[in-house]
Amino acid sequence: MTTWADELVAYASQQLTERERDALYGRGVSDEQVAAFQIGYLDRRLPELAGADDFLVWCHQGAKLADMFVFPLTTVHGVVGGFQFRHVGREQKGYTDYFLLQDELCLFGLVQAMPHVWATESVFLVEGVFDLLPLQRHVPAIIPTLTAKVTPPMLRLLRRLVRRVWLGYDMDVKGRKAASEFVREHGREFDAQVVSYPKLFKVGTKELIKDPGDLWECWGDPKVRAFVLSVIE
């Protein structure tokens with residue numbers, strides 16, 4: 001049964017222009033990933049969405065969604081249970097989430113990762129969508145927790161399916177603390193490994209990289225692939 005959320009995903013995926021695709025390419029996203037993950041774009045205008053009254057109030061009939069990427073959040077079965085909206089312009093920081101389902105785990109790329117998580121009994125956790133996308137081509141059993149934290153619903157999923165956990169959180173204080181706490185609290189349940197990214201400066205700056213997206217911008221696909229395979233093998 002098609003829902004208004006499915007209709008919004010389909011509509012947004014059709015709104016991507018060369019400008020938005022170029023912005024995605026610059027962050028390590030491929031055309032294949034755009035299609036597989038149904039990444040879309042909105043700029044205030046929305047289609048007719050029957051039954052989406054709460055969402056329309058939340059987004060002020062679309063006015064809140066100005067020049068935004070749309071990342072569908074799904075359940076393990078592929079049901080669209082929410083969205084993450086992020087500004088196309090990188091100078092505009094932050095993002096906003098909207099959840100239809102409050103009692104079920106919904107994350108970006110969750111349904112795409114599940115066959116690989118099941119087959120390998122392992123998972124590579126990162127924080128955000130732009131951490132996942134540059135790595136997913138090389139380590140498909142990857143899930144972004146959308147925060148530097150393994151939530152109780154996520155932990156229940158891991159306990160059912162996983163023996164190995166790679167914690168690829170950001171290299172900032174919050175990310176390192178979250179990774180260390182997971183190992184300390186759950187190290188007896190899982191083979192849990194904290195991933196450390198190389199100490200490199202961001203392109204054109206004297207600021208150290210802190211996440212997989214930064215790493216991809218420094219190294220590109222071949223070196224990122226070699227790095228991530230060296231971590232998980």
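How many bridges pair β2 with strand β3, and in which sense do the two strands run? This report on a predicted model starts there and then works outward to the rest of the chain.

## The β2–β3 hairpin and its neighbour

Strand β3 covers residues 80-87, and seven bridges pair β2 with β3 in the antiparallel sense. If you want a place to start looking, L73 stands opposite G82 in β3. The two strands make a hairpin with five residues between them. Within that turn, G78 has a positive phi of about 90 degrees.

β2 also has a partner in strand β1 (residues 40-42), to which three bridges join it in an antiparallel arrangement. Here Y41 has F69 of β2 as its bridge partner.

## A strand enclosed by the structure

Strand β2 spans residues 68-74, and seven of its seven residues are buried, so the strand is largely enclosed by the rest of the structure. Which residues of β2 point one way, and which the other way? M68, V70, P72 and T74 take one direction, while F69, F71 and L73 take the other, and all are buried. F69, the bridge partner of Y41, and L73, which stands opposite G82, are thus both found in the second group.

## The parallel sheet

Elsewhere in the chain, four strands form an open sheet with parallel pairing, in the order β6-β5-β7-β8. Its edge strands are β6 (142-144) and β8 (191-194), each of which pairs on one side only. From one strand to the next, the twist averages 20 degrees.

Inside this order, strand β5 (residues 122-126) and strand β7 (residues 164-167) are paired in the parallel sense by four bridges. V123 stands opposite V165 of β7. Helix α5 (residues 110-120) packs on the sheet and touches β5, β6 and β7, with its direction at about 135 degrees to that of β6. Helix α6 (residues 129-136) lies across β5 and β6, and runs at about 165 degrees to β6.

## Two cysteines without a disulfide

A disulfide is a covalent bond between the sulfur atoms of two cysteines. How many does a search of the whole structure find? The result is zero disulfides. C59 is in none, and the nearest cysteine sulfur to it, that of C106, is 18 Å away.

Why is C106 not bonded to C59? The 18 Å between the sulfur of C106 and that of C59, its closest cysteine sulfur, is too far for a bond. A disulfide here would need the two sulfur atoms within 2.5 Å. As for their surroundings, C59 counts as buried because its relative accessibility is 0%, and C106 is buried too, with a relative accessible area of 5%.

## H186 and its contacts

H186 lies in helix α8 (residues 173-186). Is this histidine buried or exposed? Its relative accessibility is 12%, so H186 counts as buried.

The side chain of H186 is joined to that of E189 by a polar contact of 2.8 Å. Leaving aside residues up to four places away in sequence, H186 touches L155 and R159.

## Two loop residues with positive phi

Most residues other than glycine have a negative phi. Two loop positions are worth a look with that in mind. Q61 has a positive phi of about 60 degrees although it is not a glycine, and it sits in the loop between α4 (53-58) and β2. L146, also not a glycine, has a positive phi of about 65 degrees. The loop that holds L146 runs between β6 and α7 (152-161).

Their surroundings differ: Q61 is exposed, with a relative accessible area of 55%, whereas L146 counts as buried at 10% relative accessibility.

## The chain as a whole

The chain has nine helices and eight strands. Its radius of gyration is 18 Å, close to the 17 Å that the globule rule gives for 233 residues, so the chain is as compact as a globular protein of that length. The C-alpha trace spans about 50 × 45 × 30 Å along its principal axes.

Of the 233 residues, 49% count as buried. Among contacts in the chain with a separation of 6 or more, 60% come from residues 24 or more positions apart.

How values were computed. Residues numbered from 1 in each chain as written. Predicted model: local features only at pLDDT ≥ 70, side-chain atom pairs only at ≥ 80, totals over all residues. Heavy atoms only, no water. Buried < 20%, exposed > 50% of the residue type's maximum accessible area, 1.4 Å probe, protein only. Pairing = 2+ DSSP bridges. Polar contact = N/O pair within 3.5 Å; in protein donor to acceptor, adjacent residues only side chain to side chain. Contact = heavy atoms within 4.5 Å. Axes fitted to C-alpha atoms, helices over the stretch in contact; angles between N-to-C directions. Rg over C-alpha atoms; globule rule 2.2 N^0.38 Å.
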